[in-house]
Each structure stands twice: as structure tokens, then as C-alpha cells.
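Me: I'm new to this one, so please pick a single part and take me through it slowly. I'd like to start with how the strands are put together, then see what lies around them.

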Amino acid sequence: MGKAESSLLVTDSKAWRGPLLDTTLKVTALLGSLWLGVALLTNVALRSSPEGFVIEGLIALTWLAALKPRLHESFRLAVLLGCYLGGAAMSAIMNGPVVPAVLLLLVLFLLLATLYRGTRGGVAAGLSILLLYAIGAYGWAHGIFPPKAGPVRVDPHEPVVWLRIGIAQIFASASIVTIVKYIVSHTERVVRALTESEEKFASAFRSNPDPMAVSEVASGRFLDVNARFIEQFGWTREALVGHTSVDIGFFAHESDRHQLANEVLKTGCARDLPSTCVTKDGRSLPCLVSGEVVQIGGRACFISVVRDISVRLAAERALRESEEKFSQAFRASPDAISITEADSGRFVDVNEGYERLMGYSRSEVRGRTSLEIGIWTDPAERAPMMERLRQDGALRDYRIDGRNRAGERLILLFSSDRIELGGKPHYVSVAHDITERAQAEQALRASEERARLLIEHAPDAVVVFDLGSQRFVAANPAAEALFGLPQAELLKRSPLDLSPERQPDGSLSSEGVARHVALAAQGMRATFEWVHRSAQGRDIDCEIRLLRLPDPTRVLIRGSIFDVSERKRAERALRALSASTAAATGQAFFEASAEELARELSVRVALLAELRNEAGKQHLAILALWSDTPQTTSILDVAGSPTETLLRAESLHVADGVAARYPNDPWLAKLGAQSYLGLPIRDATGRALGVVAVLDDRPMPDSTAAKLLLATTASRAAAEIVRLQGEAQVRRLNADLERRVQARTLELTAANAELESFSYSVSHDLRSPLRAIDGFSRALEEDYGDKLDVEGKDHLSRVRAATQRMGQLIDDLLGLSRATRVEMRRETVDLVAIALDVTEELQARQPERQVDFTHPAELPALADPALTRIVLINLLDNAWKYSRARPLATVELGVLPDPNEDGASVYFVRDDGAGFDMRYANKLFVPFQRLHGRAEFEGTGIGLATVRRIVTRHGGKVWAESVVSQGTIVYFTLSGALA
């Protein structure tokens with residue numbers, strides 16, 4: 001703290017006088033006025049004398065000094081001291097120094113002088129009093145001051161009088177000294193106490209952790225600030241002292257300063273007024289301003305405390321955000337969350353997840369306990385849970401059984417934590433519904449039990465292999481049967497113990513086992529074929545499927561082993577059957593199939609027969625019969641035979657006694673057959689076409705391989721029978737078609753002849769009238785043109801234009817007709833060469849046109865030259881015509897880089913002319929359909945229709961793409977186009 005602060009806040013010998021001076025002046029003014037008043041009342045002469053008027057003036061002056069605090073302190077004190085000294089002098093002069101009343105004013109004079117002027121003031125006052133007494137005694141004794149009439153009567157010549165005066169002065173002096181000594185000692189104690197108090201205040205001011213400032217109320221200027229104020233706001237003490245808060249821009253908002261000033265002027269203090277204060281570097285800080293008005297050195301000062309609450313506000317904001325996050329999480333959590341009182345267990349609040357889970361609304365559960373609501377399946381379970389919660393203060397994943405409002409059972413994982421809300425302990429609890437998971441776990445356990453039972457009773461072999469011990473740890477009865485070992489012996493072995501050294505492909509079994517087991521250990525399914533060897537030394541063809549089982553302590557591999565020996569044998573038989581019949585068709589296929597079936601199945605008879613209906617009776621026509629004895633039978637009756645049963649089912653197997661079972665079939669008795677296996681031959685629609693069967697004179701066990709061979713043969717035989725029947729049908733249709741073609745050819749020849757005749761009539765019979773109309777119209781125009789008015793000339797020109805357009809239309813129709821009737825001669829033509837001839841003719845007709853015609857070096861195509869020329873004439877003429885608005889038109893003939901889907905090249909003619917709206921593209925190639933008016937572009941609408949006819953005759957297609965005012969591209973293909 002600096003020198004300025006010390007002088008301001010620590011009281012010196014003068015600092016305490018302000019309030020004390022006011023009190024002293026008022027008391028002494030009252031006492032002096034009383035004395036002077038008594039003097040005026042008791043002394044009649046004094047009231048009417050000049051001295052009386054002086055005394056009355058002194059009374060007025062004492063009250064003026066007492067009641068005018070704005071006068072300077074020294075002036076007020078001098079006035080009062082002068083009044084007292086003057087009054088005492090006048091009393092001593094008029095009444096003598098022995099008057100006791102004189103002593104009152106002298107005591108007051110000496111007291112004030114000593115209090116407010118210190119030791120020097122007291123000595124000066126004492127000397128003044130002695131001088132006053134000396135002068136008064138001398139004048140009174142020698143009659144210089146004649147006494148006024150009053151109550152005191154003394155003789156100055158008597159020694160007793162002076163003795164009395166001396167004794168009175170001694171007592172008066174002793175009294176004065178005692179009073180002054182007491183007042184001085186008391187004053188020193190007060191000064192010391194005040195100094196200590198203010199030093200404590202100064203120390204508190206210096207060391208206060210909050211910024212503090214002292215400012216003058218009248219001017220608002222800073223008088224001093226503490227170190228924390230400087231540290232907080234950045235200004236130095238020199239920059240603040242003598243300046244106001246407005247000068248330094250301390251308040252960010254003028255309203256904050258006005259509010260503080262109004263509060264201080266109104267109440268003399270301020271308590272926690274919110275304000276935004278600005279630091280020296282321009283930062284705004286939210287603050288609370290408190291303070292009080294005090295008197296320091298006779299001035300009204302405002303001591304203020306400015307507390308920075310930005311940290312508190314940030315903390316409050318963070319707290320609000322945290323509370324909002326908690327509230328949002330509380331409301332939005334899908335789990336059931338509740339808040340309960342720790343003591344009573346009553347619900348304070350629940351979230352929407354609780355309402356959804358338990359079925360109770362928030363209003364229904366508030367103020368009630370879980371027992372009152374009835375959510376416990378067994379209420380006795382709540383007590384141990386609450387006891388554990390009280391002991392530990394928290395619970396994690398405590399499983400409880402409950403029920404919702406609808407009475408449905410719920411399995412919940414309950415977690416809870418103890419918190420303080422409003423100074424009281426509460427529990428925040430989360431209940432997670434695991435009902436479905438528990439049911440799933442129960443279902444999983446049941447499923448695992450079923451799986452165990454299924455494995456034990458599965459028809460296929462199942463084993464479990466421990467990768468760590470390299471031994472089987474489980475095997476079902478089917479595995480025991482497959483390997484010919486009891487389970488106890490099987491569990492002592494590994495996969496290699498049950499495999500030959502090498503597999504059929506020559507690979508080592510040890511390498512194969514390691515590879516497949518490693519894949520399964522990585523979590524991948526491993527399916528492969530394997531050859532196992534039983535305890536009796538028999539090799540078993542197997543299909544193995546490996547899968548890793550979930551186990552946290554070891555790697556377990558489950559192996560499902562399927563015996564595919566029978567399937568392998570059937571596959572080998574099928575490969576042999578396919579090899580022997582692959583190249584055979586028709587009768588050769590049937591005979592080869594019967595022979596292969598007999599050999600592969602080791603039976604005496606193999607039969608393939610076609611089912612036929614004749615005269616309403618079904619019989620079998622034998623397609624192929626292989627027998628170890630000669631057979632002459634070619635037709636077999638269906639009635640009473642195994643075939644009759646077979647056609648109603650998918651297969652028929654009679655292991656023994658087939659002849660006895662079907663006694664009405666003489667063929668079975670003739671063969672001496674004992675067993676039978678047959679399948680129907682059906683087409684794709686399921687229609688029965690025939691039968692494939694094998695017979696033997698020995699019992700025939702059920703065999704999957706045998707059925708597979710017969711099914712394969714039946715499928716191939718069905719295709720052959722359908723093919724043969726189709727070929728016969730085709731031959732019949734071809735013969736009928738040939739007859740129809742001949743008839744249609746005759747009809748077409750006649751139609752062409754009629755069309756030729758019509759074309760001739762159109763060409764000659766219609767042209768003659770048109771030529772006559774045109775000739776007479778021209779003659780009329782030449783001979784009588786000057787006699788016709790404008791309208792008549794217009795009608796005549798319209799007649800001639802219509803006649804010429806009709807002639808052009810006839811020519812176009814004849815061209816269209818010839819395009820469909822002329823005989824086509826395909827040969828290699830160069831489209832570029834034809835296009836150049838056409839463009840030369842177009843340029844010659846319109847030499848003023850500027851057209852840039854671009855094309856490749858050549859475009860070979862396989863097409864009719866004459867018809868191709870017609871196509872290019874129409875396309876290039878259109879491009880020339882519709883681009884005539886361009887000063888420099890562009891026309892291009894080209895081909896797309898790649899062929900289209902059918903392999904034909906796509907040619908195109910592109911122009912940058914008028915274009916057309918693609919919405920009407922479907923009318924483009926239709927005769928007489930025009931997309932532009934005749935006034936805009938001439939034409940008959942036949943050209944593109946002719947192009948379409950020619951392209952279609954070539955087996956191609958034509959289409960167009962266009963944008964209005966940007967041009968048109970016409971694409972076309974010729975099926976005979978060269979690549």
C-alpha cells in the first residue's frame with residue numbers, strides 16, 4: 001500500500017476531529033448560550049447596555065459556528081473560541097474575576113483549544129486566561145472598569161476578597177487541569193483505538209482477495225484501489241486515482257453505472273448489484289458490486305468491492321449443462337431410470353423408459369414405494385437388496401424378478417448409486433430389461449440340450465476333437481458304429497489314427513488334417529472329402545464338415561462325418577454310364593444304357609421301354625432290352641404288371657418274390673424274376689413317357705446307387721424320347737409347311753403381278769391428266785396472265801403447285817412400291833462413294849449453298865447397291881434441306897465405333913439443321929407424316945418411309961435422335977453389313 005493509501009485510511013491526530021468537532025460545537029454552543037442568557041436575565045444593566053448587544057451577537061455567532069458544517073473547520077473553531085474568550089472577558093471586566101460563571105466560559109475555551117490545537121493550543125489558551133484575569137483583576141481593583149449592577153458585591157480593598165480570589169483561581173486551575181488531563185488521555189485512547197481499527201481496515205483492504213476501491217461520492221473519482229483490483233482489471237493505481245469510472249470505461253453498460261449510483265444515493269450502500277466490468281485490455285467480466293458510503297477525512301467516500309463471478313457463472317453454466325445432459329439422458333434413455341428417497345424408498349421421479357417398461361405413469365408412482373406399486377414378484381426379495389445397497393452405497397447388475405402393470409413377468413438387471421439432492425440422500429437406479437435375453441438363454445440351453453440329444457441320436461457320425469490334446473473328447477453312437485470302436489477306445493485316438501497314411505490323391509493324411517483343422521480353428525467352416533479307415537481295416541469314403549465350438553478355455557473342433565461310400569460307388573457307376581452313352585443317340589443310346597445298367601448293377605435283365613396308347617389300351621414298346629438269355633419280346637402289357645404300379649408312384653422296388661406278387665404278368669414268370677427295381681420316364685411336365693427297370697433272379701437289396709443310376713438313365717432317356725418324338729413331329733410339320741409355302745408363293749406371285757399392273761396404271765393413267773392440268777395452267781398464265789388480278793394469279797399458281805406436288809407424290813409412291821418389290825442383290829458396296837455422288841448432285845442443284853460434308857475414307861457394307869443409293873439420297877437430301885438456314889452447314893456420314901447388340905454396324909447421317917421435337921419421333925418414318933409445315937420445308941413425307949422399307953428388307957432397323965434448332969442424327973443398320 002502506498003503513501004496515498006496510508007494517509008487516506010490510517011487516522012492521524014487530526015483525522016478523527018470531524019464528527020467530534022460537530023458534537024463539541026453543538027454542546028458548547030448550548031452551554032455558552034445558557035450562560036450568556038443567564039447573564040442577560042440577571043443583570044438588568046447588561047440587557048440595555050452595548051455589552052448586552054455584544055453578548056447577544058456572541059450567542060448568534062456560536063450557533064452559526066455550530067450549525068454550519070460547510071464552513072471550514074478552523075473558521076468554525078476560531079469563531080467559537082473567540083465567542084467564549086470575548087464573553088469571559090466582558091464578564092470579568094463587568095463582574096470581576098471572582099464571578100464563578102466566568103469560569104464556565106474559560107473552561108470551555110481552554111477545553112476546545114487543547115482538544116483541537118493540541119499542547120500549543122492549551123498553553124496559548126492558559127496564557128490568555130491568566131492575562132485576562134490579570135487585566136480584569138487590575139481594572140476591577142482600581143476602578144478602571146466600573147462594575148455593573150449584579151448579584152455579586154465585593155470590596156476589592158479587603159484582604160479576604162483576594163484570598164477568596166486566590167482560592168477560587170487555585171480550584172479553578174486544578175479543575176481545568178483535571179478536566180483537560182482527562183479529556184487528553186481519553187482522546188489519546190480514542191485515537192489509538194481508532195488508529196488500530198483503521199489499520200486493521202487498511203490491512204483488510206490491502207489483503208482482500210476481492211478487488212476493492214475507494215471513491216469520492218461527490219465527484220466519483222477513485223481515491224485508492226487495492227492490489228487485487230489492479231491485478232484483476234489491469235490498470236495501475238496512478239492511472240485510476242483522480243479519474244472516474246466513466247473516464248476509464250469501467251462499466252460496459254451505462255445502465256449498470258446508473259443503477260449503482262441510484263442505489264448508493266438512495267440507501268447509502270449497494271449489495272451484489274450485477275454489472276459487466278471492462279478490463280484494461282477490453283475483456284468484459286461479469287461482476288457483483290457491493291459497497292457502502294463512509295466518512296473519511298471529512299469526505300463522503302464509497303468503499304466498493306467488485307467480485308468477478310465469471311468463474312462462478314461458468315461453473316453454474318457447466319452445472320446447468322450437466323444437469324440438462326443428465327435430464328436429457330434421464331428422459332431419453334431407453335432403460336427404466338428412477339430416483340427414490342434413500343430413507344423412505346418413495347419415488348421422486350421416473351423417466352419415460354420406466355413408464356414404458358413398467359406400465360405406470362409418472363404421476364402414479366411419485367410418492368409411492370415399489371412395494372406399494374406391486375412391482376415385486378416376491379416382496380421378500382426387496383429387503384436383502386436394500387440392505388446391500390445401504391451397506392455398499394451402490395449396486396451393479398443385481399438381478400431381480402418383477403412384473404409390470406399388466407402382470408407380465410420381467411427379469412431386470414438393477415443398478416443403483418447414492419446421490420445427494422437438496423441435501424438429502426437419494427438413489428438413482430437403472431433397470432435394464434433382460435427378459436428376452438434370459439428367455440433366449442433359457443431357449444439356448446434347451447437348444448443345446450436338444451442338440452446334445454440330436455448328436456447322440458444322429459444317424460451320422462459326430463466327434464469333438466481337442467486341438468490341444470490332439471484327442472477326441474466326445475463321440476456319438478453313430479461314430480462308434482462307423483469306426484467299429486467303442487467310445488472309450490475312440491476317445492484315446494486322433495483323426496490320424498483313423499486315417500490311412502495317404503489319401504486317394506496321393507497327399508499325406510497328416511498334412512491334410514493339419515490344414516483343415518487350422519482353418520476350422522480360425523472360425524472358418526471346413527468341408528472336404530476324406531478317406532477314413534475303420535478298426536477292421538476297411539476304407540470308408542467320407543464327407544467331413546468341421547466347425548469350431550465356442551469354448552473360452554480350449555480349442556474344440558466338431559466334426560460331422562457322413563459315410564458317402566454308396567454315393568461314391570454310384571458316382572463311379574454314373575461316370576461309367578455317361579462315358580459309355582455320351583456319344584450315343586437314339587437307339588444306340590437305349591441299347592448302351594441297358595447294357596451298362598446290367599453290368600454296373602450285376603443283374604440279369606435291364607429294360608428301357610416307351611409307353612404307347614393304341615386302341616385305348618396302354619402297352620410298353622421295348623426300346624432296348626439286355627438279358628443274359630435271348631429275348632424275342634417287343635411289346636409288354638401294362639395291365640397287371642409292375643409297370644401299372646410304377647406309373648402311379650415315383651419308383652417301385654420289390655426285393656424278392658416279384659413274380660408271385662404279379663401273377664398276371666407272364667413275362668416275369670418266363671424270366672424267372674425274383675426282384676424288380678424300376679423308375680418311370682417322365683418329361684419336364686411330369687407326363688409319363690416310359691419305364692426303365694432292372695430285374696434279377698436273386699433278391700435285390702435297396703440301393704441308393706442303383707436308384708441314382710436308374711434316375712440318371714431315365715432323365716437322359718426322357719430327353720431322347722422327347723427328341724425323337726419332336727423330330728417326328730418336325731418331319732410332319734416340314735412336310736405340311738412345304739405345301740403351305742408353295743401355295744403362298746403362288747399367291748404372292750399373283751399379288752406382285754397385280755401390283756405391277758397397278759404401278760403401271762399409276763405411272764401412265766394418272767400422269768396424263770396431271771400433265772394436261774399443268775400444261776393448260778401454264779398456257780393460261782402465259783396468254784391471259786395480264787388480264788388476271790392478283791388473287792386470280794395466286795389461285796393459278798396454287799393449281800400449278802398442287803399439280804407438281806401431286807406428280808412428285810406419285811413418283812415417291814412408285815419409288816416406295818419399287819423399294820418393296822424389286823429383287824435384292826447383296827454385294828459389297830462403299831457407302832462413302834455413293835454418298836459423294838449424291839452430294840455432288842445436291843451441290844450442283846444448289847451451288848450457292850456452303851456445306852461441309854465429312855466422312856471416313858470408306859464405309860464397306862453388304863447390301864443392294866441401288867436400294868442403298870435410295871437410302872442415302874433421302875437421308876442426305878433431308879440433311880441438305882433442313883440445314884439450309886445455316887450459313888455454313890455441317891453434314892456427316894459415319895459409323896459408330898462398336899457394333900450394336902446383334903453385331904451389325906450402326907451407320908449414321910448427322911446434320912446441324914432445324915431438328916424436331918422427340919415427342920413426335922414415332923411419326924418420322926410413317927408415310928405422309930410431316931413434322932414441319934410445307935411453307936417452311938418442301939416434301940411429301942414419303943422419303944423416310946422409303947428408307948425404313950429398304951432398311952427393313954435388309955434385316956436392319958432405322959431410328960433418329962434430334963434436338964430442336966441443334967440438328968438431327970439418323971441411325972440405320974444393315975444386317976449384312978461388314979464388320
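**A close look at the strands**

Reply: Let's start with one pair of residues: valine 214 faces aspartate 224, which sits in S2. Keep in mind that this is a predicted model, where local features need pLDDT of at least 70 and side-chain atom pairs count only at pLDDT 80 or more, while totals for chains, interfaces and linings use all residues. Residues are numbered from 1 along each chain as its sequence is written, and side-chain values use heavy atoms, leaving out hydrogens and water.

That facing pair belongs to a bigger picture. Strand S1 (residues 212-216) runs antiparallel to S2, and three bridges join them. Strands here are DSSP runs of E with at least two residues, helices are runs of H or I with at least four, and both are numbered from the N terminus. Two strands count as paired if DSSP finds at least two bridges between them. In general, strands of a sheet pair through backbone hydrogen bonds, either parallel or antiparallel.

Now step back to the whole sheet. It is open and has five strands, in the order S2-S1-S5-S4-S3, with antiparallel pairing. What are its edge strands? They are S2 (222-225) and S3 (269-278), each pairing on one side only. From one strand to the next, the twist averages 30°.

A helix joins the picture too. H11 (residues 254-267) lies across S3, S4 (284-296) and S5 (299-308), and runs at about 165° to S3. For that angle, axes are lines fitted to C-alpha atoms (for helices, over the stretch in contact), and angles run from 0 to 180 degrees between N-to-C directions. Contact itself means heavy atoms within 4.5 Å.

Further along the chain there is another pairing to look at. Strand S6 (residues 336-341) and strand S7 (residues 347-350) are antiparallel as well, with three bridges. Here threonine 340 is opposite phenylalanine 347 in S7. The two strands make a hairpin with five residues between them, and glycine 345 in the turn has a positive phi of about 75°.

One last stop is arginine 403, found in strand S8 (residues 394-403). Is arginine 403 buried or exposed? Neither, because its relative accessibility is 36%, which counts as partly exposed; buried means under 20%, exposed over 50%, and partly exposed in between (1.4 Å probe, protein chains only). Beyond its neighbours within four places in sequence, its contacts include Met358, Trp376 and Glu408.
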